[in-house]
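Colleague: Before I use a model like this one, I would like to hear how each label attached to it was earned. Could we go through the terms and set the values against their cut-offs?

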Amino acid sequence: MRFRCCRAAPAHWTVLREEGDAVEYHAATLVLELHRTETEAYLIALADKIPSVYVVMRPAPELEPGIPLELQLVTASAHEGLNYTDSSEVIVEKVPMPPGLIAWVQEFIDLHHEEEIFLKRKRDEKRVDLVEEGIGDPRVRQMSDVYRAPGQRKRADASEH
């Protein structure tokens, strides 16, 4: 099951406001999808000092003059956002979530999040009653073989004489 959020109008680098040298754009409208298996990562993003979504972009000089970036993805998953930072081909920016988006993501988490119960693994019991004959192959002649069991070494040496 996926939740999809898309309320903004389509945009293509529309200027929203200009202040001095700073220009604020509505660059694109991307679809934000939430997945049940990612609720832990959404909780991490919401627990941040400033809850944010991660916007993944790449330089796009080939598109159009004056359009420096191509927006590829928006995600509320802190894990997915972090994974994209490993690539030198993309730029990842954190964008603060508005209150309505925070509430929407929190509602999704409340519906689908299941705490994972930590179970400590038990080690297999080591059997001390087993006899190991060795790893070395008695058919291969060697001056010394640290893996050959002493009993096999004596039998191999006796058969050579």
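Modeller: What follows is a set of questions about labels, each answered with a value and a definition.

Colleague: What kind of model is this, and what was counted?

Modeller: This is a predicted model, in which local features need pLDDT of at least 70 and side-chain atom pairs count only at pLDDT 80 or more, while totals for chains, interfaces and linings use all residues. Residues are numbered from 1 along each chain as its sequence is written, and side-chain values use heavy atoms, with hydrogens and water left out.

Colleague: How many helices and strands are there in the protein chain, and what makes a stretch count as one?

Modeller: The protein chain has four helices and seven strands, where a helix is a DSSP run of H or I with at least four residues and a strand a DSSP run of E with at least two, numbered from the N terminus. Along the sequence they follow the pattern β-β-β-β-α-β-β-α-β-α-α.

Colleague: How do you know that strand 5 and strand 7 pair?

Modeller: Two strands pair if DSSP finds at least two bridges between them; six bridges join strand 5 (residues 52-59) to strand 7, and the two run antiparallel. One residue pair to look at is S52, which stands opposite P96 in strand 7.

Colleague: Which order do the strands of the open sheet have, and which are called edge strands?

Modeller: The open sheet has three strands in the order 6-5-7, with antiparallel pairing. Strand 6 (69-75) and strand 7 (91-96) are the edge strands, since each pairs on one side only. Neighbouring strands of this sheet are turned by 30° against each other on average, direction ignored, the axes being lines fitted to C-alpha atoms and the angles running from 0 to 180 degrees between N-to-C directions (for helices the fit covers the stretch in contact).

Colleague: Why is strand 2 said to lie largely in the open?

Modeller: Buried means under 20% relative accessible area, exposed means over 50%, and partly exposed lies in between (1.4 Å probe, protein chains only). Of the six residues of strand 2 (residues 14-19), the number that are buried is zero, and therefore this strand lies largely in the open. Strand 2 also pairs with strand 3 in the antiparallel sense over five bridges, with E18 having V23 in strand 3 as its bridge partner. Two residues stand between the strands of this hairpin, where G20 takes a positive phi near 60°.

Colleague: What makes V15, V23 and Y25 a nonpolar patch?

Modeller: Patches are made of residues with over 30% relative accessible area and no salt bridge, with nonpolar side chains (Val, Leu, Ile, Met, Phe, Trp, Tyr) joined within 5 Å and like charges within 9 Å. V23 has 34% relative accessibility and so counts as partly exposed. Together V15, V23 and Y25 offer about 230 Å² of accessible area, computed by the Shrake-Rupley method with a 1.4 Å probe, where for residues only the protein chains shown count as cover.

Colleague: Why is the contact of R17 and E24 called a salt bridge?

Modeller: A salt bridge is a side-chain nitrogen of Lys or Arg within 4 Å of a carboxyl oxygen of Asp or Glu, and the side chains of R17 and E24 meet at 2.6 Å, N to O. R17 is partly exposed at 45% relative accessible area, and E24 counts as partly exposed at 36%.

Colleague: How many salt bridges are found in the whole structure, and what do the others join?

Modeller: The search finds three. D48 and K94 meet at 2.3 Å, N to O; D48 lies in the loop between helix 1 (39-47) and strand 5 and K94 in strand 7, so the pair ties together parts 46 residues apart in sequence. E70 forms a salt bridge with R58, the closest N and O atoms being 2.5 Å apart, and this pair links E70 in strand 6 with R58 in strand 5, 12 residues apart.

Colleague: Why does I109 count as buried or exposed, and which residues is I109 in contact with?

Modeller: I109, in helix 3 (residues 99-112), has 4% relative accessibility and therefore counts as buried. Contact means heavy atoms within 4.5 Å, and leaving aside neighbours within four places in sequence, I109 is in contact with T39, Y42, L43 and L46.
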